[in-house]
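This report describes the helical architecture of one protein chain. Please keep the sequence and the structure in view while reading.

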Amino acid sequence: TLEKYKGMEDQLLEALVKKYGAEPTGAPASPNASMAAPASPVASPAASPVTGGYRSRVVSMYERYAPDKLDKADATLEKYKGMEDQLLEALVKKYGAEPTGAPASPNASMAAPASPVASPAASPATGGYRSRVVSMYERYAPDKLDKVDTTLEKYKGMEDQLLEALVKKYGAEPTGAPASPNASMAPPASPVASPAASPVTGGYRSRVVSMYERYAP
């Protein structure tokens with residue numbers, strides 16, 4: 001299977017995740033994970049998912065989007081015990097991105113893995129976001145480079161959605177594009193793996209094997 005999908009290992013793993021479910025805990029991150037939807041560093045495992053990270057994230061979502069449901073936060077978490085990631089994904093789909101600063105899921109490494117959050121010092125329009133949009137246009141649509149600033153102005157405050165739309169339309173961001181300051185609101189990713197490891201004999205192989213061991217032995 002790996003030989004057949006040589007050079008397209010990420011697509012293979014995405015297909016396996018869609019077919020079977022999340023990758024087993026401890027599966028190494030994809031070397032190209034930074035090009036996927038990013039996420040913040042993994043939260044401390046010391047925090048109880050219900051009383052710690054998960055609860056605060058659900059409360060943050062309700063505070064922003066559905067304050068009338070705040071009194072039901074604990075009941076909802078109890079109902080989705082052991083499926084907190086799916087609960088949060090459902091809330092994001094229903095209401096929108098998580099508020100900035102919400103802690104990452106302790107099991108974030110099992111979902112689309114994440115790159116470190118970029119320095120908040122950079123202005124989204126003139127710094128991180130602009131350079132990422134420029135990189136996308138340079139690679140996929142050089143004729144639109146003169147419209148970068150106009151596009152960013154149009155999507156001010158919605159830069160993440162703009163970049164997601166560009167990725168869907170053209171493809172993955174060029175390697176080296178900085179991570180989004182609001183990366184924790186998107187699906188998660190881990191730092192880029194060492195290029196020394198061969199994708200087939202190293203990280204990718206062990207991840208595919210882990211998937212098959214769990215779902216299709």
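## Burial and the second helix

A residue is called buried when its relative accessible area is under 20%, exposed when that area is over 50%, and partly exposed in between. By this criterion, the buried residues of helix H2 are Gly53, Tyr54, Arg57, Val58, Val59, Met61 and Tyr62. The structure is a predicted model.

Helix H2 covers residues 53-65. At 1.5 Å a residue, its 13 residues should span 18 Å, and the end C-alpha atoms of H2 are indeed 18 Å apart, so the two values agree. The cover over the buried residues of H2 includes H3 and H4.

## Overall composition

The chain has 8 helices and 0 strands. Its pattern along the sequence is accordingly written α-α-α-α-α-α-α-α.

Of the 217 residues in the chain, 35% are buried. Among contacts between residues at least 6 apart in sequence, 78% join residues at least 24 apart.

## Helix H4

Helix H4 runs over residues 84-95, and its 12 residues should span 16 Å at 1.5 Å a residue; the end C-alpha atoms lie 16 Å apart, which agrees. Which residues of H4 are buried? They are Glu84, Leu87, Leu88 and Leu91. These residues lie on the same side of H4, because they cover an arc of only 95° around the axis.

Helix H2 (53-65) and helix H3 (73-79) are included in what covers the buried residues of H4. Just after H4 comes Gly96, which takes a positive phi of about 135°.

## Lys69 in the loop between H2 and H3

Lys69 is found in the loop that joins H2 to H3. With a relative accessible area of 26%, Lys69 is partly exposed, because the partly exposed class lies between the limits of 20% and 50%.

Leaving aside neighbours within four places in sequence, Lys69 is in contact with Tyr62, Lys94 and Tyr95. Tyr62 is among the buried residues of H2. Another of those buried residues is Val59; Lys69 and Val59 are 10 residues apart in sequence, and their C-alpha atoms are 9.0 Å apart in space.

## Helix H7

Helix H7 (residues 159-170) has 12 residues and reaches 16 Å from its first C-alpha to its last, close to the 16 Å expected at 1.5 Å a residue. The buried residues of H7 are Glu159, Asp160, Leu162, Leu163 and Leu166. They cover an arc of only 160° around the axis, and this places them on the same side of H7. Lys168 and Lys169, on the other side of H7, are exposed.

Cover for the buried residues of H7 includes helix H5 (128-140) and helix H6 (148-154). Gly171 follows H7 and has a positive phi, near 135°.

## The pairing of H1 and H8

How do the ends of the helical series relate in space? The axes of helix H1 (residues 9-20) and helix H8 (residues 203-215) come within 11 Å and cross at roughly 15°. H1 and H8 are therefore roughly parallel to each other, since angles under 35 degrees count as roughly parallel. Their crossing is left-handed.

On the H1 side, the contact is made by Glu9, Asp10, Leu12, Leu13, Leu16, Val17 and Tyr20. On the H8 side, Tyr204, Arg207, Val208, Met211, Tyr212 and Tyr215 take part.

How values were computed: Residues are numbered from 1 along each chain as its sequence is written. This is a predicted model: local features need pLDDT of at least 70, side-chain atom pairs count only at pLDDT 80 or more; totals for chains, interfaces and linings use all residues. Side-chain values use heavy atoms; hydrogens and water are left out. Helices (H or I, at least four residues) and strands (E, at least two) are DSSP runs, numbered from the N terminus. The expected span of a helix is 1.5 Å times one less than its number of residues. Buried means under 20% relative accessible area, exposed over 50%, partly exposed in between (1.4 Å probe, protein chains only). The arc is that of the directions from the helix axis to the C-beta atoms. Contact means heavy atoms within 4.5 Å. Axes are lines fitted to C-alpha atoms, for helices over the stretch in contact, and angles run from 0 to 180 degrees between N-to-C directions. Angles under 35 degrees count as roughly parallel, over 145 as roughly antiparallel, 65 to 115 as roughly perpendicular and the rest as oblique. A crossing is left-handed if the near helix is turned anticlockwise from the far one by less than a right angle, and right-handed if clockwise.
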